[in-house]
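Me: I would like a close look at a single part of this protein, followed outward into its surroundings. Please take it slowly and define the terms as you go.
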Amino acid sequence: MKPAAFDYARPGSLEEVVSILAGAGGDAKVLAGGQSLVPLLNFRMLRPAILVDINRVPGLSALEADGTGLRVGALTRHHTLETSRLVRARFPVLATAMAHVAHLAIRNRGTAGGSLSHADPAAELPMLALLLDAEIHTRSPAGSGRHAAGGFFLGPLVSALAEDEVVTEIVLPGLPPGTGWGFEEFAQRSGDFAIAAAAATVTLEGGRIAQARLALTGVDETPIRLAAVEADLVGARPGEALARAAAEHARTAVNPNSDLKASAEYRRRLVAALVARVLASAWARAGGGAP
Ligand code: FAD
C-alpha cells in the first residue's frame with residue numbers, strides 16, 4: 001500500500017512547527033518515529049495534506065534528571081528509555097516496560113512523544129505515564145502548555161492535544177524513597193501489543209503501605225489507574241491475603257471488551273493475575289519481603 005500524496009516539511013525550530021500546524025487548519029500531522037503514523041498513511045486511514053517532520057528540531061531528545069524528576073524529550077526513542085542508565089536507576093519500572101514495546105527495530109525509531117500522542121489503548125508508555133503521574137509539556141501557537149497524564153488519554157487513539165499542539169517533553173516526578181515497583185505483561189507473542197499489562201509502585205513506611213499506584217493497559221479504551229484498589233491498599237500490611245483481595249477488587253473494577261485476541265472474561269482474569277504479581281513484586285522491592 002502507498003499513502004495518498006502529501007507535502008513534507010522539516011522545520012528547524014518549534015516555532016516553525018507550530019506555525020505550520022496552525023496554518024494547515026487541522027490537515028497536518030507531526031512525524032516523529034513514523035512507526036504508527038506511516039502504517040496509517042499506507043492504509044490510507046489518514047490523508048493529511050502535510051507531514052511536519054520534527055526530527056531536526058533541536059532540544060527534543062534530552063533525557064536528564066533535575067530537582068523535579070526525570071525530563072524525557074519528546075524525541076527520546078523507546079530503546080533509549082529501555083537502556084539508559086539514568087532511567088534504570090531512577091525509574092526501573094519504565095525501563096522494564098519499554099523492553100515490551102514492539103520489536104527492536106521499532107523501538108529504535110519510535111519516540112516517547114509519538115507513543116503518548118498516538119494514545120493506543122494497549123500501549124505501555126501511556127500506562128507508565130499514568131502510573132508515574134507524568135506531566136506532558138507542549139507547545140502551540142498560544143505558547144507552552146502542560147497536561148497531567150491523568151487527563152490526557154481521552155479514547156482509543158484520541159488525546160487531549162489540540163491540532164496545532166506538539167508534545168515537547170514528558171516530566172516524571174521523582175518517587176519517594178522506599179518505593180518498590182512491579183510490571184507484568186501478557187501478549188500472544190513477544191513484541192505484540194499487550195492483551196493486558198499492569199504496573200504498580202508501592203511505598204512502605206513502618207511495614208505498612210503509605211502509597212500505592214496501580215495502572216493497567218489493554219483492558220479499556222484508554223490506559224487506566226485503579227484508584228479504588230489503590231485506596232484500599234493504603235495503611236495495610238503487605239501479605240498474600242491483601243494481594244488476593246486487591247486482585248479480586250481489580251478484576252471486578254475493570255470493564256474490558258472482547259476482541260479477536262481475548263474475551264472480556266479472560267481479560268478480567270488476566271487483570272487479577274497480573275495485579276497480584278505486580279503488587280507482590282512492588283512490595284518485595286520496597287523491602288516488605290515476599291507476600
Ligand atoms: P509517529 O508514528 O511518528 O506518530 C504517531 C502519532 O503521534 C501521529 O498522529 C503523530 O502525528 C503524533 N505525534 C508524534 N509525535 C508527536 C509530538 N511530539 N507531538 C504531537 N504529536 C505527535 N507500541 C507500543 O506501545 N507497544 C507495542 O507493543 C507496539 N507494537 C508495535 C508493533 C508494530 C508492528 C508497530 C508498527 C508499532 C508498534 N507500536 C507499539 C507502536 C510504536 O511504539 C510507535 O513507535 C509509537 O506508538 C509511536 O511513536 P512514533 O514516534 O513512531 O510516532
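Leaving aside its neighbours within four places in sequence, which residues is Ala119 in contact with?

Reply: The model is a predicted one, in which local features need pLDDT of at least 70 and side-chain atom pairs count only at pLDDT 80 or more, while totals for chains, interfaces and linings use all residues. Residues are numbered from 1 along each chain as its sequence is written, and side-chain values use heavy atoms, with hydrogens and water left out.

Once the neighbours within four places are set aside, Ala119 is in contact with Phe153, Gly155, Pro156, Leu157, Val158 and Ser159, contact meaning heavy atoms within 4.5 Å. Ala119 belongs to the loop between α7 (112-118) and α8 (124-131); helices (H or I, at least four residues) and strands (E, at least two) are DSSP runs numbered from the N terminus. With a relative accessible area of 2%, Ala119 is buried (under 20%, against over 50% for exposed and partly exposed in between, with a 1.4 Å probe and protein chains only). Twelve residues further along the chain comes Leu131, whose C-alpha atom is separated from that of Ala119 by 15 Å.

The two helices that flank this loop also take part in the largest pocket. A pocket, on a 1 Å grid over the protein atoms alone, is an open set of points where a 1.4 Å probe fits, with protein on both sides within 12 Å along at least five of seven lines, and lining residues have an atom within 4 Å of a point. The lining of the largest pocket has 47 residues, and those nearest its centre are Ser36, Leu37, Gly114, Ser117 and His118. Two or more lining residues come from each of β2 (28-31), α2 (37-42), α7, α8, β9 (158-159) and β10, and α7 gives the largest share, five residues.

The second largest pocket is lined by 15 residues, with Pro121, Ala122, Gly218, Asp259 and Arg267 closest to its centre. It lies between domain 2 (63-173) and domain 3 (180-288), because both give residues to its lining; the domain bounds come from an automatic or database assignment. That assignment also gives domain 1 (7-53), whose C-alpha centre lies 36 Å from that of domain 3.

Turning to the strands, β6 (residues 135-140) and β7 (residues 143-148) pair antiparallel over six bridges, pairing requiring at least two DSSP bridges. They form a hairpin with two residues between them, and Thr138 stands opposite Gly145 in β7. Strand β6 is also joined by five bridges to the antiparallel β10 (residues 166-173), where Val171 stands opposite Glu135.
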